[in-house]
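I opened my notebook for a first look at a new structure. Come along as I look things up one by one.

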Amino acid sequence: VGVPLIFQDEFVAISDRSLAASDERPFAAGALIVSALTLDVFLPVPNGATTTLAGAAFGFVIGALVTWLGLMGACLAGYAIGRWAARPLAARLLGADDLERAHRLAERAGPVALIVSRPVPILCEAIPIAAGLAGMALKRFALAVALGNLGVALVFAAIGAAAIERGSTALAMLGAVGLPLAAWLAWQGAERWRARRAG
């Protein structure tokens, strides 16, 4: 979550190059962002930074579409891993503890967990895999993540577009770091509260 903040100068430089590339070769830049977001299920892609960059590069509407496509790609890839590659590969990608927590959540809350986990780092990759492991119907899964991803895409595209319009690095950092961190902290707080009530 904190990578863009730790390497802020590099993040700004990459953003500037990406913005220039989106002007010169918009289709290639869009495909790169979709690919990066899709590969997030396998690699540690800074999701908040990438989705904010999509809004900055393409504006609100196209940025939201590009982000949504990438997030859907990641969700479907994660579901496929859980459903067909089975537990050993999923556990290797996520770690046994994260996978087990996500699996329990997917069984307990189903589509609601899919929707609310979309902005939460780590969990947004783990829950689709867990849904596949739990055998959730693909149609039900796709509808839930489509709705959740739409909300995420709209918020981050709006922040990225506003950051460019106002020339605000602080606003870009809010999308790249602030919102993912807030979502993660909220999730951790909810888990601790639930554990205290159960204990």
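The entries below go from the whole chain to single residues.

**Entry 1: the whole chain**

I noted at the start that this is a predicted model. Which elements does the protein chain have, helices or strands? I counted 9 helices and 0 strands. Read from the N terminus on, the elements run α-α-α-α-α-α-α-α-α.

Next I looked up burial. The protein chain has 199 residues, and 45% of them count as buried. For the surface I wrote down about 10,100 Å² exposed by the protein chain, with carbon and sulfur atoms supplying 67% of it. Then I turned to contacts with a separation of 6 or more: 77% of these are between residues 24 or more positions apart.

**Entry 2: a cavity**

How many cavities of 30 Å³ or more are there? I found 1 cavity at that cut-off. The volume of the largest cavity is about 80 Å³.

I then listed the residues around the largest cavity. Its lining is made up of Leu37, Asp40, Val41, Asn47, Leu71, Ala74, Cys75, Arg118, Cys124, Glu125, Pro128 and Asn149. Sorted by kind, the lining holds 7 nonpolar, 2 polar and 3 charged residues.

Which helices each supply at least two residues of this lining? They are helix 4, residues 47-94, and helix 7, residues 123-133. Helix 4 gives the most, with 4 residues.

**Entry 3: helix 7 and its two ends**

I stayed with helix 7, having just met it at the cavity. Is helix 7 mostly covered or mostly open? It is mostly covered, as 10 of its 11 residues are buried. The buried ones are Leu123, Cys124, Glu125, Ala126, Ile127, Pro128, Ile129, Ala130, Ala131 and Gly132. Among them, Cys124, Glu125 and Pro128 also appear in the cavity lining.

Before helix 7 I looked at Ile122. Ile122 sits in the loop between helix 6 (111-116) and helix 7. Its phi is positive, about 70 degrees, although Ile122 is not a glycine. I made a note of this because most residues other than glycine have a negative phi. Ile122 has 43% relative accessibility, so I filed it as partly exposed.

After helix 7 comes Gly135, and its phi is also positive, near 75 degrees.

**Entry 4: two residues of helix 4**

I picked Thr51 and Val61 for this entry. Thr51 lies in helix 4, and so does Val61.

Is Thr51 buried or exposed? Thr51 is buried, because its relative accessible area is 2%, which is under the 20% cut-off. Leaving out residues up to four places away in sequence, I found that Thr51 touches Leu37, Thr67, Phe156 and Ala157. I recognised Leu37 from the lining of the largest cavity.

Val61 has 61% relative accessibility and so counts as exposed, the cut-off being over 50%. Ala157 turned up here again: the C-alpha atoms of Val61 and Ala157 are 7.5 Å apart, with their places 96 residues apart along the chain.

**Entry 5: aromatic rings**

How many aromatic pairs are there? The count is 2. For one of them I looked up the geometry. The ring centres of Tyr79 and Trp84 are 6.0 Å apart and the planes stand at 75 degrees, so this pair is edge-to-face; the label needs an angle over 60.

I checked the cover of both partners. Tyr79 is buried, because its relative accessible area is 1%. Trp84 is exposed, because its relative accessibility is 62%. Tyr79 and Trp84 form one aromatic cluster together with Phe141.

**Entry 6: Ala172**

My last stop was helix 9, residues 169-198, where Ala172 has its place. Ala172 has a relative accessible area of 16%, so I put it down as buried.

Which residues does Ala172 touch, not counting those up to four places away in sequence? It touches Thr52 and Ala163. I also looked up Gly160: it is 12 residues from Ala172 in sequence, and the distance from C-alpha to C-alpha is 6.0 Å.

Technical notes. Residues numbered from 1 in each chain as written. Predicted model: local features only at pLDDT ≥ 70, side-chain atom pairs only at ≥ 80, totals over all residues. Heavy atoms only, no water. 1 Å grid on protein atoms, 1.4 Å probe; cavity = no way out; pocket = protein on both sides within 12 Å on 5 of 7 lines; lining within 4 Å. Points joined across faces, edges and corners; volume = space filled by probe spheres on them. Nonpolar A, V, L, I, M, F, W, Y, C, P; charged D, E, K, R; others polar. Buried < 20%, exposed > 50% of the residue type's maximum accessible area, 1.4 Å probe, protein only. Phe/Tyr/Trp six-rings, centres within 6.5 Å; stacked < 30°, edge-to-face > 60°. Contact = heavy atoms within 4.5 Å. Areas by Shrake-Rupley, 256 points an atom, 1.4 Å probe, with all protein chains shown as cover.
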